[in-house]
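The following exercises concern one protein chain. Each task is followed by a solution that proceeds step by step.

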Amino acid sequence: MSDPNDTASGAGGPGPSKIEKLADEAVEAGRKFLESDTGKKVAETAESAFAKAEELGRKALDSDFARDAKAASEKAAETGKQVLKTELGRNVAIGAAIGAAVALPLPFVGSIFGAFVGGGIGYLRTITKKP
């Protein structure tokens, strides 16, 4: 039987949740490990690695490449929205999605090829449709 105060969300009662208890136990075990020489070396190495990763991340986000990539992705998203507002865009997107989904269980086809074929069928549907 489960403890009514032991819920996954912690909102079921006054006591801490099972997840919180497990997290507290993991933190305590980690603290004990950090008391050893090996644990101290691991902590220093991890701190150094995180500091270097943060510095590299800041440099990457501040680079011209990152700014150009962000601008290009925003432009591509806007273009995609405009294309999906057209009948052709909707039919190709629907066909590609269906083709990819149908091709997933077929190991010799693959989802990319299925999406390509489905998109082509969506295109053909659009151009053959009577006005």
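**Exercise 1. A polar side-chain pair**

The side chains of asparagine 91 and arginine 125 are joined by a polar contact of 3.1 Å. A polar contact is a pair of N or O atoms within 3.5 Å; within protein, one must be able to donate a hydrogen and the other to accept it, and residues adjacent in sequence count only if both atoms are side-chain atoms. The model is predicted: local features need pLDDT of at least 70 and side-chain atom pairs count only at pLDDT 80 or more, whereas totals for chains, interfaces and linings use all residues. Residues are numbered from 1 along each chain as its sequence is written, and side-chain values use heavy atoms, with hydrogens and water left out.

Task: determine in which helix asparagine 91 lies, and whether asparagine 91 is buried or exposed.

Solution.
1. Asparagine 91 belongs to helix 4, residues 87-103. Helices (H or I, at least four residues) and strands (E, at least two) are DSSP runs, numbered from the N terminus.
2. Buried means under 20% relative accessible area, exposed over 50%, and partly exposed in between (1.4 Å probe, protein chains only). Asparagine 91 has a relative accessibility of 10% and therefore counts as buried.
3. With neighbours within four places in sequence left aside, asparagine 91 is in contact with Gly122, Arg125 and Thr126. Contact means heavy atoms within 4.5 Å.

**Exercise 2. The geometry of helix 5**

Task: establish whether the end-to-end distance of helix 5 agrees or disagrees with its expected span, and find which residues of helix 5 are buried.

Solution.
1. The expected span of a helix is 1.5 Å times one less than its number of residues. Helix 5 (residues 111-128) has 18 residues and should therefore span 26 Å; its end C-alpha atoms are 25 Å apart, which agrees.
2. The buried residues of helix 5 are Gly114, Gly118, Gly119, Gly122 and Thr126. Viewed down the axis of helix 5, the buried residues fall within an arc of 135°, so they line one face of the helix. The arc is that of the directions from the helix axis to the C-beta atoms.
3. Phe116, Ile121 and Thr128 are exposed residues on the face of helix 5 turned away from its buried side.
4. Isoleucine 112 is also found in helix 5; this residue is exposed, with a relative accessible area of 73%.

**Exercise 3. The pairing of helix 4 and helix 5**

Task: state how the axes of helix 4 and helix 5 cross, and which residues contact glycine 99 beyond its neighbours within four places in sequence.

Solution.
1. The cover over the buried residues of helix 5 includes helix 4.
2. The two axes, of helix 4 and helix 5, come within 6 Å and cross at roughly 145°. Axes are lines fitted to C-alpha atoms, for helices over the stretch in contact, and angles run from 0 to 180 degrees between N-to-C directions.
3. Glycine 99 is found in helix 4 and is buried, with a relative accessible area of 14%.
4. Beyond its neighbours within four places in sequence, glycine 99 is in contact with Gly114, Ala115 and Gly118. The C-alpha atoms of glycine 99 and glycine 118 are separated by 4.2 Å, although these residues are 19 residues apart along the chain.
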